[in-house]
Amino acid sequence: MMKQNLNIKPYIEISDLTREELLEYIGDLVKNWAAIDGLWFQAVERAYGMEAALKMDEEVWLRYPVIEAKRIKQRLDLPENGGVKALIQAFKFRNYASLNKQKVFQTEDNKVVFQMLECRQQAGRKRAGLPPHPCKKPGFCEYSSFAATIDPRFKTTCIYCPPDETPPGIWCSWEFELMPDNDPALE
């Protein structure tokens with residue numbers, strides 16, 4: 001006869017978790033999200049090559065950030081055309097904000113810079129003996145679509161991102177410039 005494990009906790013629901021347990025659970029969800037992103041990319045890369053994987057990655061990163069930004073705007077009740085403050089706030093609630101070490105700051109009245117200081121995906125590739133993920137093109141798709149969903153007046157510029165050379169301690173850096181509103185109806 002099989003011995004029963006009497007140490008199994010009773011069934012619980014998410015609503016039963018403490019604040020600390022919920023934060024740990026959110027951390028696990030974000031790690032799982034990052035894992036599936038990396039696994040699908042590597043599967044496509046192995047099957048079809050880097051160029052095809054990057055092309056598919058670009059398509060995903062044009063669409064996913066729009067969904068994410070809309071949910072963040074709704075959750076935080078960010079205004080339409082919220083400008084610099086809304087973008088800075090929204091970056092703090094992206095899925096990987098709790099996963100990767102990042103920095104987002106205002107450089108001028110109309111400019112924001114985002115920097116990825118530690119990137120879980122790049123660190124994973126390094127541990128696996130793979131070269132850095134050349135994420136500049138999909139990154140541009142990602143960051144420009146995210147920023148434009150927060151406020152369509154943002155113009156996105158890549159400061160540097162692999163395959164570019166990057167300085168030690170920063171994987172990528174992006175600038176978001178809030179452009180003047182040229183709609184004469186709003187003047």
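1. In this predicted model, Glu 108 and Lys 111 form a salt bridge, with 3.7 Å between their closest N and O atoms. The two partners differ in exposure class: Glu 108 is partly exposed, its relative accessible area being 42%, whereas Lys 111 counts as buried at 16% relative accessibility. The assignment of Lys 111 follows because buried denotes a relative accessible area under 20%.

2. The pair above belongs to a wider set, as the structure holds 8 salt bridges. One of the others joins the side chains of Lys 136 and Asp 164, at 2.9 Å from N to O. Lys 136 is located in helix α5, which covers residues 136-150, and Asp 164 in the loop between β3 (154-160) and β4 (172-178); the pair therefore ties together parts that lie 28 residues apart in sequence. As to exposure, Lys 136 counts as partly exposed at 31% relative accessibility, and Asp 164 likewise counts as partly exposed, at 26%.

3. A further salt bridge brings together the side chains of Arg 153 and Asp 151, with an N to O distance of 2.7 Å. Is Asp 151 buried or exposed? With a relative accessibility of 0%, Asp 151 counts as buried. Its partner Arg 153 is partly exposed, with a relative accessible area of 23%.

4. Salt bridges also occur as a network in this model: Glu 68, Arg 94 and Glu 142 are linked in this way.

5. Turning to the nonpolar residues, the largest nonpolar core has 33 residues. Which of them touch the most other members? They are Leu 87, Phe 91, Phe 114, Tyr 143, Phe 146, Trp 174 and Phe 176. Two or more residues of this core come from each of α1 (19-48), α2 (50-76), α3 (83-91), β2 (111-118), α5, β3 and β4. Among the contributing elements, α3 gives the most, namely 6 residues.

6. Phe 91 merits a separate entry, being among the core residues that touch the most other members. When neighbours within four places in sequence are set aside, Phe 91 is in contact with Ala 97, Gln 102, Val 104, Phe 114, Tyr 143, Phe 146 and Phe 176. Of these contacts, Phe 114, Tyr 143, Phe 146 and Phe 176 are themselves listed among the core residues that touch the most other members.

Note on methods: Residues numbered from 1 in each chain as written. Predicted model: local features only at pLDDT ≥ 70, side-chain atom pairs only at ≥ 80, totals over all residues. Heavy atoms only, no water. Salt bridge = Lys/Arg side-chain N within 4 Å of Asp/Glu carboxyl O. Buried < 20%, exposed > 50% of the residue type's maximum accessible area, 1.4 Å probe, protein only. Helix = DSSP H or I, 4+ residues; strand = E, 2+ residues; numbered from the N terminus. Core = buried A, V, L, I, M, F, W, Y, C linked by side-chain atoms within 4.5 Å. Contact = heavy atoms within 4.5 Å.
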